[in-house]
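This report describes selected features of one protein model for a reader new to structural biology. Please examine the sequence and the structure below before reading on.

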Amino acid sequence: MAIRIARIFAKIILWFIGLSLILVVLFKWVPIPVTATMVMDENGITKDWESLENIDPNLVAAVIAAEDSKFCEHWGFDTEAIEKAARQNAQGGRLRGGSTISQQTAKNVFLWQGGGYFRKALEAWFTFWIEAVWGKERIMEVYLNVAETGIGTYGAEAGAQRYFRHSAARMTPDEASRMAAALPQPKKRAVVGPSGWLARHGNTIESRIGVVKRDGLDSCVYN
């Protein structure tokens, strides 16, 4: 009985490895049609896939400034940020995340929202493979197309149309920074007319856009 269970378990693992690698290779070229987050969104889905060349570089710089300043340096995991987040979370108070854009992309495309060690382990698996197979340019393109940018709204193009009434191909630093500031909690954070801490946070991101471009922190996206 134990041997039979072990064989079944081994087959499940092999099937998972094979299927996950097939999907990773497929999605290197094919737009992601839908994600678990979208399917489970009771507000419906508004999305419009756009290639990276049709998304303003200001938004790329803004999300790097806001979410992952070492995006072009790491191979999917920012160990320093993870350790810092763990220390702060252990002290209590508002939980801080340590996920990179690569990790967020892996979660958004292949998994579900929420925590737990099992999901984090799967996230690490997919993060490793999209870094190895996709590369930074594709990771950024996918991230900006599947990230939730508002209630029932997914991707940069749908977000730009919703909030600014124009394409994501032309976004000012102010618009890009406000969208980036809202990304971690798009259902709760206002993109249009933010106030208080959120407005200040957006202003900080906007000031960092120039730093990202000047120091080439987005250089891996435009090779």
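I13 is located in helix α1. In this predicted model, the relative accessibility of I13 is 37%, so this residue counts as partly exposed. I13 and N223 lie 210 residues apart along the chain, and their C-alpha atoms are separated by 36 Å.

Helix α1 also contributes to an open space in the structure. Which helices each supply at least two residues to the lining of the second largest pocket? They are α1, which spans residues 2-26, and α5, which spans residues 101-110. The largest share comes from α1, with 4 residues. The full lining consists of F16, L19, S20, L23, F27, I32, V34, V109, F110 and F126. By class, 9 of these residues are nonpolar, 1 is polar and none is charged. The volume of this pocket is about 160 Å³.

Empty space may also be closed off inside a protein. Rolling a probe the size of a water molecule over the atoms shows where empty space is left. The structure holds 1 cavity of 30 Å³ or more, and the largest cavity has a volume of about 30 Å³. Its lining is formed by L59, V63, L144, A147, T149, G155, A156, M179 and L183. The table sets the two spaces side by side.

| Space | Volume | Classes of lining residues |
|---|---|---|
| Second largest pocket | about 160 Å³ | 9 nonpolar, 1 polar, no charged |
| Largest cavity | about 30 Å³ | 7 nonpolar, 2 polar, no charged |

Among the residues lining the largest cavity are L59, V63 and L144, which also take part in a contact between two helices. How are these two helices, α3 and α7, arranged with respect to each other? Helix α3 comprises residues 57-67 and helix α7 residues 136-146; they pack at an angle of about 90°, with their axes 11 Å apart. Helix α3 is therefore roughly perpendicular to α7. On the α3 side, the contact involves L59, V60, V63, I64 and E67, which meet M140, Y143 and L144 of α7. The residues of this contact comprise 7 nonpolar, no polar and 1 charged.

Helix α3 has a further neighbour in helix α9, because the buried residues of α9 pack against α3, β2 (148-150), α8 (156-164) and α10 (196-214). Helix α9 covers residues 173-182, and 8 of its 10 residues are buried, so the helix is largely enclosed by the rest of the structure. The buried residues are E175, A176, S177, R178, M179, A180, A181 and A182. One of them, M179, also belongs to the lining of the largest cavity.

The loop between α8 and α9 contains R165. Is R165 buried or exposed? With a relative accessible area of 65%, R165 is exposed. Its backbone also deserves attention. Most residues other than glycine have a negative phi. R165, a residue other than glycine, has a positive phi near 60°.

T127 provides a further example of a residue and its surroundings. This residue lies in helix α6, which spans residues 117-133. T127 has a relative accessibility of 0% and therefore counts as buried. Which residues does T127 touch, not counting those up to four places away in sequence? They are G76, F77, S102, Q103 and A106.

Note on methods. Residues numbered from 1 in each chain as written. Predicted model: local features only at pLDDT ≥ 70, side-chain atom pairs only at ≥ 80, totals over all residues. Heavy atoms only, no water. 1 Å grid on protein atoms, 1.4 Å probe; cavity = no way out; pocket = protein on both sides within 12 Å on 5 of 7 lines; lining within 4 Å. Points joined across faces, edges and corners; volume = space filled by probe spheres on them. Nonpolar A, V, L, I, M, F, W, Y, C, P; charged D, E, K, R; others polar. Axes fitted to C-alpha atoms, helices over the stretch in contact; angles between N-to-C directions. Parallel < 35°, antiparallel > 145°, perpendicular 65-115°, else oblique. Contact = heavy atoms within 4.5 Å. Buried < 20%, exposed > 50% of the residue type's maximum accessible area, 1.4 Å probe, protein only.
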